[in-house]
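Me: I would like to go through the strand assignments in this model and see what each one rests on. Please set each value against its definition before you conclude.

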Amino acid sequence: MSPSLMTGTDPGPFQLRRDTRDLPQAVGTLAGALPARDLATVLAKANRTAVRKGSTTAFGSMAPKPADWYCFDAGDNDTTDWYPQGVASSSEAGHKDVQAFAVTWYWKPDGKATERGVRVSFLNTATRKYRHVLLVEPKGSSYNPINIHAGGVAWYGDLLYVADTSRGIRVFDTRHIYEVDGDDDKIGLKGGKYHAFGYRYVMPQVDFWSATGAARFSFAAVDRTQSPHLLVSGEYVDPADEPGRVGRVVRWRLEADGTLAAGADGLAPAAHAFTLPAAKIQGALSHEGRWYLSQAASAVKNGSLLVVADGQAPQVRKFPVGPEDLTCWIEKRQLWSLTEFRGRRVLFAVPV
C-alpha cells in the first residue's frame with residue numbers, strides 16, 4: 001500500500017502525568033549503599049568491541065550502503081535472549097565532551113527463564129568499545145528488573161527517556177549509574193550484596209511520565225532543531241493485528257533541564273500530533289522541518305525510510321532489514337538507526 005499524507009490529529013490522548021512516586025528516595029538509598037560511576041568511567045571500562053564497517057548481511061539489497069556502521073560483537077549479534085530496539089546519540093543529548101550511542105535491548109529468551117528486563121549499551125565511537133548497563137526499578141533498599149519492550153530511547157542532557165509501550169515513558173539519569181559485584185543468577189539486594197545478573201553496572205529509574213489516554217509509546221527521539229527542543233514518540237501499528245487502526249506520532253516541549261514542560265498539576269500536554277503515513281513504523285524523528293520514519297518489512301526483507309516534508313507525500317528510500325528506532329548526529333548531518341534480528345545486528349547511518 002502506498003504511503004499517505006501526514007495530517008494533524010488530536011494530541012489529547014498523549015497527555016502525560018508526572019508520576020515520580022518514591023523513586024527519588026529509593027535512588028537515594030542506592031546512592032548511599034553503592035559506588036557511583038559517571039558515564040566517562042563506564043565508557044573507559046567498556047568490555048566489548050564493535051567492528052566499524054564490519055561484514056554483515058543486514059543491508060540486504062540496500063544500495064548504496066549506509067555511510068557508516070558498527071557491528072556488535074559476535075555474542076550480541078547471535079544471542080536469542082536479547083533484542084536491540086532503541087538508539088540515541090550524545091549529539092541528540094547535546095554533549096560535546098563525549099561521542100557515544102545509547103542502545104536499549106529487551107530480554108526475550110527461548111523457553112522459560114528468569115525475567116532480566118532491559119539493558120542499555122553505551123558505545124564510545126572513539127574506541128569502538130561498549131558496555132551493557134542493566135536498567136532497574138528501585139524499590140526500598142533494593143531494585144527489580146523492568147519487564148518492558150523498550151522500543152525507543154531518547155537522550156537529552158543527563159536524562160534517558162525509555163518508551164514503555166502501554167504505560168508511558170520511563171526516565172533514567174546518567175548521573176545515577178552504580179557499580180555492583182554480585183552473582184550472575186541474582187538481582188537486587190541478596191545476602192548483604194547487590195546483584196545484577198552478572199552486570200557490573202545498574203542504572204535505576206528516577207522518574208516516570210504515565211499515559212492518561214489510549215496511546216502507545218513505541219519509539220523515542222529528540223528534535224533539537226526547534227525551539228524549545230522537543231521529545232518525539234509514537235505508535236507502532238501492524239495492520240495484520242489491528243485492521244483499520246492508524247498510528248500516530250507526537251511531540252512534547254522540553255524544559256532547559258530536559259524534563260517535559262508540565263503545568264502545576266503535573267500534566268504535560270503534547271504540543272503536536274500527526275497521523276503516520278504508513279503502517280509498521282519503528283522509529284520517528286523530526287529534524288529541520290522534515291519527518292524521518294523507519295518502517296519494518298520482515299525478518300528477511302529490506303525495510304524503508306520514509307522522508308516527509310511538510311504537506312508532501314513521503315519519499316521512500318530503501319533501508320536495511322529490521323530497522324528500528326532513530327536518532328540524529330547533528331554535527332555529522334547523519335541519521336542513525338539499528339537493526340534487531342539475530343545475525344544481522346548493526347548500528348548504521350545515512351545522510352539526513
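Me: How do you know that strand 3 and strand 4 are paired, and in which sense do they run?

Reply: The model is a predicted one. Pairing requires at least two bridges between two strands, and strand 3 is joined to strand 4 (residues 68-71) by 2 bridges, so the requirement is met. The two strands run antiparallel, and Arg52 lies opposite Tyr70 of strand 4.

Me: What makes strand 3 and strand 26 the edges of their sheet?

Reply: The sheet is open, has 5 strands in the order 3-4-28-27-26 and pairs in the antiparallel sense. Strand 3 (51-52) and strand 26 (323-329) each have a single partner strand, so one side of each is left without a neighbour in the sheet.

Me: Why is strand 6 (residues 100-107) called mostly covered?

Reply: A residue counts as buried when its relative accessible area is under 20%, and in strand 6 this holds for 8 of its 8 residues. Ala100, Ala102, Thr104 and Tyr106 point one way from the strand, while Phe101, Val103, Trp105 and Trp107 point the other way, and all are buried.

Me: How do you know which strands pair with strand 6?

Reply: The threshold is again at least two bridges. Strand 5 (residues 82-89) is joined to strand 6 by 7 bridges and runs antiparallel to it, with Pro84 opposite Trp105. Strand 7 (residues 118-124) also pairs with strand 6 over 7 bridges in the antiparallel sense, and there the bridge partner of Trp105 is Arg119. Both pairings therefore satisfy the definition.

Conventions. Residues numbered from 1 in each chain as written. Predicted model: local features only at pLDDT ≥ 70, side-chain atom pairs only at ≥ 80, totals over all residues. Heavy atoms only, no water. Helix = DSSP H or I, 4+ residues; strand = E, 2+ residues; numbered from the N terminus. Buried < 20%, exposed > 50% of the residue type's maximum accessible area, 1.4 Å probe, protein only.
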